[in-house]
Amino acid sequence: MTPPDAPHNRWSDLDRPPLNVGALRRGLLKPGGLWSSLDVVESTGSTNSDLAARASGLAEGTVLVAEEQTAGRGRLDRSWTAPPRSGLFLSVYLAPGDVPAERWGWLPLLAGVAAATGLTQSAGVDMALKWPNDLLVTIDGTERKTGGILAERAGDGVVIGMGINVSLRAAELPAPRAGSLGLAGAVSTDRETLLRAVLRSLEQWYGRWREAGGDAAVSGLQAAYAAGCATLDRTVRAELPGDRTVVGEAVAIDGDGRLVLAAAGGLQEPVSAGDIVHLRGVGGGLT
């Protein structure tokens, strides 16, 4: 591996080869398919910001992938950074104009189900979902965040961004609770294989949801999310807008994609936005 102070180039880390955009286009851009264009850039601040800035002229199914993000964003404007070519950093533009706008809130959860499905199949790693937008793996018996999803309204549609740690080594992890597919024992960390699997899974789930008019129950999305959600059946702390905090058991994902908490006294409270901390349950510890 190249020493840290060596000049950076596309082949500076032979364990992390650059993506082959031609091969990706041949594998993903099909007549009648969802994906209409795919570009790979060497480095950018944020793929979400790039697509959102061009949303008024974008075709549905536009995909932008970066080998490196220097200003990647997560929920609550948290930063997301990783070494070049160590993960999948991408955004897609979707415009489900035939689906009622009040159902668009399911799109980030749909992306989570799609990513978890695609990565489980292609990397051979059990993935779990932390409501509303984190992808978890288990490393040495502890849940670790290995990916995140950010959805933003833009133009007539939605830009959905994903950041997934693929080959990060232990010394490169940005936080103690972070993880990567490689550290979780993935059978493959080939990013082209993983990217194709994620985008194909996203196309399938999006098509199913859209055919159902955005109905998460009819499309099977609500059940699939609940089945893969590590937040359910656990005691959690919800840090809500307005500096309000609720502690309770996460008992359900409702028809609007909200997390339903059973708080003190048996009162059930649906949470549509907030920061969730796992306090007790499967996997142990705080996440």
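This text walks through a predicted model, beginning at one serine, then turning to the nonpolar cores and ending at a strand hairpin.

Ser122 sits in helix H3, which spans residues 107-123. Its relative accessibility is 13%, so Ser122 counts as buried, the cut-off being under 20%. The side chain of Ser122 comes to 2.7 Å from the backbone oxygen of Gly118. Leaving aside residues up to four places away in sequence, Ser122 is in contact with Val187, Ser188, Thr193, Leu194 and Ala197.

Helix H3 also matters for the count of the nonpolar interior. The largest nonpolar core has 64 residues, and the members that touch the most others are Val92, Trp131, Met162, Leu181, Leu199, Trp209 and Tyr225. H3 supplies the largest share of this core, with 10 residues. Met162 can serve as an example: residues up to four places away in sequence not counted, Met162 touches Leu88, Phe89, Leu90, Ala111, Ala115, Gly148, Ile149, Val198 and Leu202. Another core, of 7 residues, lies apart from the largest one and includes Leu51, Ala55, Leu58 and Ala154.

The last stop is strand E10, residues 235-240. Val236, Ala238 and Leu240 form the covered face of E10, while Thr235, Arg237 and Glu239 form the uncovered one. E10 runs antiparallel to strand E11, residues 244-253, and 6 bridges join the two. On the uncovered face of E10, Glu239 stands opposite Thr245 of E11. The hairpin made by E10 and E11 has 3 residues between its strands, and Gly242 in this hairpin takes a positive phi near 85 degrees.

Methods. Residues numbered from 1 in each chain as written. Predicted model: local features only at pLDDT ≥ 70, side-chain atom pairs only at ≥ 80, totals over all residues. Heavy atoms only, no water. Helix = DSSP H or I, 4+ residues; strand = E, 2+ residues; numbered from the N terminus. Buried < 20%, exposed > 50% of the residue type's maximum accessible area, 1.4 Å probe, protein only. Polar contact = N/O pair within 3.5 Å; in protein donor to acceptor, adjacent residues only side chain to side chain. Contact = heavy atoms within 4.5 Å. Core = buried A, V, L, I, M, F, W, Y, C linked by side-chain atoms within 4.5 Å. Pairing = 2+ DSSP bridges.
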